[in-house]
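Here is a set of short questions and answers on a protein model. Work through them with the structure open.

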Amino acid sequence: MKKLYSVPMCLMLLVSIFLSVKDAFCQKLQVNDLEYFETPGVNVLVFSNQYNGVFFDEKTAGIEIIHHGVRTATGGAVRLQNTPEQWDLIPTVVDRKVDKKNNTIDVVLRYKEYDFDSRVTVSAKDDGVIISVYLDKPLPEKLEGHAGFNVEFLPASYFEKTYLVDSTPGVFPLYPSSLTTVEPVNKKIPQYTGHTTFDDRGRGEFLVPKPLASGKTIVLAPEDPERYVKIQSRDEIMLFDGRNLAQNGWYIVRSLIPAKKAGKILEWFVAPNAIPDWKRDPVIQFSQVGYHPSQKKIAVIELDKNDTPLETASIFQVTPEGKFVEKLTANVNQWGKYLRYGYVTFDFTSVKDPGLYFIKYGDQKTNTFAVGAQVYNDIWHPTLDVWFPVQMDHMLVNEAYRVWHGVPYLDDALQAPVNHQHFDGYSMGPTTDTKYKSLERIPGLAIGGWFDAGDFDIQTASHCGAILSFVNAWEEFNLDRDETYVDQATRYVDIHRPDGKPDILQQIEHGTLNIVAQIKNIGHPVRGIVVPNLHQYHHLGDASTETDNLPYNPDLKPYETDGKSSGTMDDRWAFTNRTPWLDYFSIGALAAANRALKNYNKPLADECLILAKNLWNERSKLPGDEDAAGGVMRPRNSIESMAALQLFITTKEEQYSKRFNELIWTALDRTLAWSISVAVQAYPYMDNEYKNKLKDYVVKYKNFMDGLIKENPYGVPIVARGWGGNGMVVNWAIANYYVNKAFPGIVGPEYAYRGLNYIFGCHPYSNISFVSSVGTVSKKITYGNNRADFSFIAGGVVPGLLLLKPDFPENKEDWPFLWGENECVVNICADYIFLSGAVKELVSKK
Ligand SMILES: [Ca+2]
Ligand SMILES: [Ca+2]
Ligand SMILES: [Ca+2]
């Protein structure tokens with residue numbers, strides 16, 4: 001391919017005799033209309049993305065490089081550590097100027113904690129950029145030896161590659177093993193609000209990584225034209241490995257800012273190689289699970305914006321003899337431009353013969369996928385068989401020869417202290433809203449529940465969502481699969497081992513047990529239960545070692561134990577402030593759980609309904625304002641109408657249907673897209689007047705959906721800033737299933753399939769299935785609690801694409817640590833099981 005011979009040419013240009021012809025080969029970076037530096041193959045972004053402060057350093061901000069289509073560098077900024085961790089201080093951008101004429105972007109960065117401003121100027125020069133750092137006044141004394149200019153390079157992009165520092169060769173370490181030193185903690189720049197990621201075992205110290213190498217010229221990957229970057233300075237440049245302190249650390253290139261100096265105090269020349277006339281290869285996007293013969297089948301082909309589309313694409317069948325038979329060649333259809341790429345589509349709906357196929361477009365050929373009536377039969381099995389069992393809290397989880405984790409959190413939980421802001425988004429106000437005092441033990445919580453996600457907290461709202469989806473799936477599709485052994489009495493779970501009980505009911509029971517325990521022991525559902533210390537929170541590995549599993553005893557010293565209790569304050573905290581939104585969500589979940597559990601665990605089912613009704617009565621006497629949950633204002637009407645509907649379905653009592661009818665129309669008027677799902681779920685239980693009135697809203701909703709196909713070539717709602725949007729796509733597809741079921745004449749089944757096709761690979765950036773182990777090619781690297789092993793938990797559904805400003809969608813498959821792209825959470829995984837059942841039902845109707 002053309003990239004091969006172009007490399008040495010660009011490298012030779014570094015030799016001065018070729019300088020005069022340099023511009024003919026290596027195009028100069030230009031600030032474009034989207035306000036980043038661009039040449040084919042290289043983009044340099046200068047704070048197009050800023051640190052947003054929600055999860056601190058998300059490795060998606062600062063000066064960044066998109067190198068031949070891959071984001072390989074981030075975090076270019078003045079930083080206060082050799083290898084900043086997620087919760088280290090981050091600068092805020094107080095000014096950003098883009099000067100297209102002079103090809104310069106200029107930012108002023110501020111650390112308000114130190115009243116410290118710096119200005120970073122990036123200007124195109126020759127085949128790279130000059131980065132200059134200016135100070136108006138010398139560094140604050142406290143930052144001397146700490147403040148420096150850093151750029152972070154993605155380890156996965158440089159694995160099995162080499163570097164040269166002043167011509168001395170080195171190999172990028174596959175696993176961190178460079179030197180660190182121990183320093184007294186009074187020398188440490190404190191992390192976010194005094195939290196610390198380091199468990200110093202009471203010794204008052206912290207770790208400082210030492211450089212792998214240092215010099216005046218660093219060349220990264222001189223052997224690889226796609227990754228080659230040269231960095232030069234008159235000052236010392238150091239190369240660090242951030243992974244000694246944190247598994248999600250990057251390789252960091254850094255120069256210290258000199259003390260007692262002002263003006264231009266540092267300058268780097270950074271030259272990422274650009275392969276001349278580079279174009280990204282086309283990506284053919286389709287469902288990795290395949291297609292039912294009767295379905296519409298449309299592949300989306302994503303093209304470099306400088307690529308000229310070909311006229312046709314083809315589909316080949318793979319025969320039992322291993323031969324490839326061309327089944328169809330057809331013209332592609334122009335869709336147009338979306339974000340940074342051009343798109344065409346290829347319709348192969350006419351291919352209906354069951355079998356194995358691949359798509360070919362120019363030189364690109366996809367992997368093989370199936371067309372057949374059975375393609376959707378098993379797609380939810382890994383999620384229910386493996387992913388959910390592994391997330392089960394307060395249980396030992398075994399799978400064949402492997403123990404996923406021991407029994408965790410037998411020391412649950414203490415009352416979270418008042419007026420406390422936790423690092424995972426939890427907070428407590430001025431009262432506990434319970435009978436407990438700050439840090440008092442709350443009994444009875446060490447039961448049931450799922451790990452929220454890649455971390456190990458119990459998020460009550462996600463539980464409610466998951467329980468509702470499970471009950472709906474149980475009632476709509478009778479998913480009575482039994483491949484999990486669950487024994488609550490001995491806290492033992494065994495994967496791939498039937499025990500005569502439907503797994504979905506066992507999961508409903510497990511989630512419900514924790515919510516019931518919350519209400520019984522605390523009085524109402526609570527926001528969540530989570531470890532108090534940052535040095536625990538980043539835990540990777542077996543959940544049963546995140547705490548010592550012994551209740552905290554203030555009479556003992558830290559790390560001391562009497563065998564029954566311990567003096568280490570590591571028990572999880574329950575964040576207990578009460579909100580109407582969560583009360584209603586829990587009422588809905590418990591009322592639904594009653595129906596599913598009544599023939600399985602009658603005492604628990606009865607308890608669920610009693611608690612749901614009590615909560616409903618209490619809530620109707622409490623103030624009912626809109627409330628903030630998870631920092632987001634959520635419309636109350638939808639959630640209260642959902643709770644009323646679930647109570648009505650369970651009890652058939654008129655008071656609940658009356659309240660539902662009072663609420664649902666306002667909810668539909670205010671947030672049609674969010675409320676349509678609950679409105680159509682109610683359809684079978686309501687009278688004709690309701691059904692007729694709802695029809696108008698469904699027509700309006702259909703128009704909204706038809707608008708989506710003009711917004712992006714996938715025809716699904718893509719919202720993905722800060723966290724990937726797969727959850728929304730799945731919920732949208734579920735709503736479409738219900739709408740189709742109630743109003744098949746208005747909305748066809750295609751709208752539900754479209755959401756699932758997107759999740760299975762017909763999405764931007766790549767064509768990977770976002771469900772691990774589902775489809776021919778699927779996510780093998782996700783942000784689960786095994787992410788340090790660059791692995792996955794089968795059946796997990798990742799958030800998917802993160803849209804980095806201004807135009808870059810990303811879902812990395814070589815780096816698990818970007819949670820917004822790769823962290824699976826319980827509600828989306830349960831929703832996915834429902835959607836799988838829904839699509840299977842839709843195709844089998846035909
Ligand atoms: Ca969490
Ligand atoms: Ca079972
Ligand atoms: Ca403990």
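Q: Is R572 buried or exposed in this predicted model?
A: The cut-off for buried is under 20% relative accessible area. R572 has 0% relative accessibility. R572 therefore counts as buried.

Q: Which residue forms a salt bridge with R572?
A: The closest N and O atoms of the pair are 2.8 Å apart. A salt bridge needs these atoms within 4 Å. The partner has a relative accessible area of 0%, so this residue is buried. The partner of R572 is D393.

Q: How many residues apart in sequence are the parts that D393 and R572 tie together?
A: D393 lies in the loop between α4 (381-391) and β28 (396-399). R572 lies in the loop between α7 and β37. The pair therefore ties together parts whose separation in sequence, in residues, is 179.

Q: Which residues coordinate the calcium ion (ligand 3)?
A: The donors sit at 2.2 to 2.4 Å. Their spacing in sequence is D-x136-D-x1-L-x19-D-D. L550 gives its O atom, and the aspartates give OD atoms. The residues are D411, D548, L550, D570 and D571.

Q: How many residues apart are D411 and L550, two parts of the chain linked at the calcium ion (ligand 3)?
A: D411 lies in the loop between β29 (402-405) and β30 (414-415). L550 lies in the loop between α7 (534-537) and β37 (573-575). These are distant parts of the chain, and the separation in residues is 139.

Q: Is L550 buried or exposed?
A: Buried means under 20% relative accessible area. D411 is buried, at 0%. L550 has 19% relative accessibility, so L550 counts as buried.

Q: Which residues does L540 contact beyond its neighbours within four places in sequence?
A: L540 lies in the loop between α7 and β37. At 28% relative accessibility, L540 counts as partly exposed. Its contacts are Q247, N785, R787 and A788.

Q: What distance separates the C-alpha atoms of L540 and P293?
A: Along the chain, L540 and P293 are 247 residues apart. In space, their C-alpha atoms are separated by 43 Å.

Q: Where does D33 lie, and which residue meets it in a salt bridge?
A: D33 is in the loop between β1 (30-31) and β2 (37-39). D33 is exposed, with a relative accessible area of 66%. The N to O distance in the salt bridge is 2.3 Å. The side chain that meets D33 belongs to K100.

Q: Is E560 buried or partly exposed?
A: E560 forms a salt bridge with K557, with closest N and O atoms 3.9 Å apart. K557 is exposed, at 56% relative accessible area. E560 has 31% relative accessibility, so E560 counts as partly exposed.

Q: How many salt bridges does a search of the whole structure find?
A: Some salt bridges form a network, linking D57, K59, R79 and E152. The search of the whole structure finds a total of 43.

Q: Which residues touch the most other members of the largest nonpolar core?
A: This core has 144 residues. One of the three residues in question touches F286, Y376, V771 and Y832, among others. The three are F470, L694 and F760.

Q: Which residues form a nonpolar patch on the surface?
A: Together they have about 330 Å² of accessible area. One of them, M728, is in helix α14 (residues 726-742). At 32% relative accessibility, M728 counts as partly exposed. The patch is W674, V719 and M728.

Definitions and conventions: Residues numbered from 1 in each chain as written. Chains lettered and ligands numbered in written order. Predicted model: local features only at pLDDT ≥ 70, side-chain atom pairs only at ≥ 80, totals over all residues. Heavy atoms only, no water. Patch = residues over 30% accessible without salt bridge, like charges linked within 9 Å, V, L, I, M, F, W, Y side chains within 5 Å. Areas by Shrake-Rupley, 256 points an atom, 1.4 Å probe, with all protein chains shown as cover. Helix = DSSP H or I, 4+ residues; strand = E, 2+ residues; numbered from the N terminus. Buried < 20%, exposed > 50% of the residue type's maximum accessible area, 1.4 Å probe, protein only. Donors = N, O, S within 2.8 Å, 3.2 Å for Na, K, Ca; no water. Contact = heavy atoms within 4.5 Å. Core = buried A, V, L, I, M, F, W, Y, C linked by side-chain atoms within 4.5 Å.
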